[in-house]
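Here are some notes for you to read alongside the model, written as numbered points. Please keep the structure open and find each residue as it is named.

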Amino acid sequence: MCFFQVQADNLPNKAKKDWGRVSGNGKWNRNNVPLLIIIGFCLWVWAELATLVAIGGELGVLLTIAGIFVTAMVGIWLLRNQGRAIMSSLQAQLARGEAPVSSLADGISVMAGAVLMLIPGYLTDAIGLVMFLPFIRTLIGASLLRWLTSRGGVMIRGGIPFGTGGSDF
């Protein structure tokens with residue numbers, strides 16, 4: 001018998017209901033999400049600081065700080081170049097009357113990768129660089145697009161509906 005079950009057996013009924021929230025009995029509870037976000041954020045900050053200290057110990061403080069600025073500039077440069085290619089692909093797909101799902105997925109991944117590269121830290125820079133790789137960015141972008149549309153957070157508006165040649169005005 002699990003420790004938490006032994007303890008919960010001795011509690012009153014109301015406490016038993018509340019106990020399931022923190023007992024780790026395998027059931028997902030949305031009340032724990034803010035705590036998980038805080039723990040994840042703290043772990044991420046700890047990992048970033050540990051990486052910065054390790055790299056700073058090897059290269060020195062000035063080179064470490066310069067590296068953070070250089071990776072931010074590389075992220076901006078990649079966003080401009082990859083963004084142009086994705087936009088031209090998106091426009092070509094729209095001109096052919098196709099739904100630009102792969103271009104949207106690529107665009108979301110490139111945008112997320114650029115944001116990650118602008119955040120100071122080498123771990124976020126590494127994740128951001130991975131999101132610029134062509135095959136990986138399509139997979140990550142598709143999963144991000146699926147997650148956004150499942151939550152109802154994406155609305156795509158355009159002046160020309162898919163499959164039409166233009167306006168009759």
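1. In this predicted model, the largest nonpolar core consists of six residues, namely Leu78, Ile86, Val110, Ala114, Met117 and Phe132. Helix 4, which covers residues 61-95, and helix 5, which covers residues 101-118, each supply at least two residues of this core, and the largest share, three residues, comes from helix 5. As background, nonpolar side chains in soluble globular proteins tend to be buried together.

2. One member of that core, Ile86, is worth following through its contacts. If residues up to four places away in sequence are not counted, Ile86 touches Ser103, Asp106, Gly107, Val110 and Arg137. Val110, which appears among these contacts, is itself listed as part of the largest nonpolar core.

3. For the chain as a whole, there are seven helices and zero strands, so that the pattern read along the sequence is α-α-α-α-α-α-α. The chain has 169 residues, of which 20% count as buried, and it exposes about 12200 Å², with carbon and sulfur atoms supplying 69% of that area. Among the contacts with a separation of 6 or more, 54% join residues that are 24 or more positions apart.

4. How do helix 3 and helix 4 pack, and at what angle? Helix 3, residues 33-59, packs with helix 4 at an angle of about 125°, and their axes are 7 Å apart. That angle makes helix 3 oblique to helix 4, because it falls outside the ranges counted as roughly parallel, roughly perpendicular or roughly antiparallel, the last of which begins over 145 degrees. The crossing of these two helices, helix 3 and helix 4, is right-handed. On the side of helix 3 the contact is made by Leu52, Ile55, Gly56 and Leu59, while helix 4 contributes Val61, Leu63, Thr64 and Ile68.

5. Thr64, which is found in helix 4, deserves a point of its own: is this residue buried or exposed? Thr64 has a relative accessibility of 4% and therefore counts as buried, since the cut-off for buried is under 20%. Leaving aside its neighbours within four places in sequence, Thr64 is in contact with Leu52, Ile55, Gly56, Leu59 and Tyr122. As for Leu52, Thr64 lies twelve residues from it in sequence and 7.3 Å from it in space, C-alpha to C-alpha.

6. The pairing of helix 5 with helix 6, residues 122-130, can be read in a similar manner. Their axes come within 7 Å and cross at roughly 160°, and helix 5 and helix 6 are therefore roughly antiparallel to each other, a term used for angles over 145 degrees. The crossing of helix 5 and helix 6 is left-handed. Here Gly113, Leu116 and Met117 of helix 5 meet Thr124, Asp125, Ile127, Gly128 and Leu129 of helix 6, and Met117 also belongs to the largest nonpolar core.

7. Finally, please look at Leu104, which lies in helix 5. With a relative accessible area of 27%, Leu104 is partly exposed, because that class lies between the buried cut-off of 20% and the exposed cut-off of 50%. Leu104 and Met87 are 17 residues apart in sequence, and in space they are 9.1 Å apart, C-alpha to C-alpha.

Conventions
Residues are numbered from 1 along each chain as its sequence is written. This is a predicted model: local features need pLDDT of at least 70, side-chain atom pairs count only at pLDDT 80 or more; totals for chains, interfaces and linings use all residues. Side-chain values use heavy atoms; hydrogens and water are left out. A nonpolar core is a set of buried Ala, Val, Leu, Ile, Met, Phe, Trp, Tyr and Cys residues joined through side-chain atoms within 4.5 Å. Buried means under 20% relative accessible area, exposed over 50%, partly exposed in between (1.4 Å probe, protein chains only). Helices (H or I, at least four residues) and strands (E, at least two) are DSSP runs, numbered from the N terminus. Contact means heavy atoms within 4.5 Å. Accessible areas come from the Shrake-Rupley method with a 1.4 Å probe; for residues, only the protein chains shown count as cover. Axes are lines fitted to C-alpha atoms, for helices over the stretch in contact, and angles run from 0 to 180 degrees between N-to-C directions. Angles under 35 degrees count as roughly parallel, over 145 as roughly antiparallel, 65 to 115 as roughly perpendicular and the rest as oblique. A crossing is left-handed if the near helix is turned anticlockwise from the far one by less than a right angle, and right-handed if clockwise.
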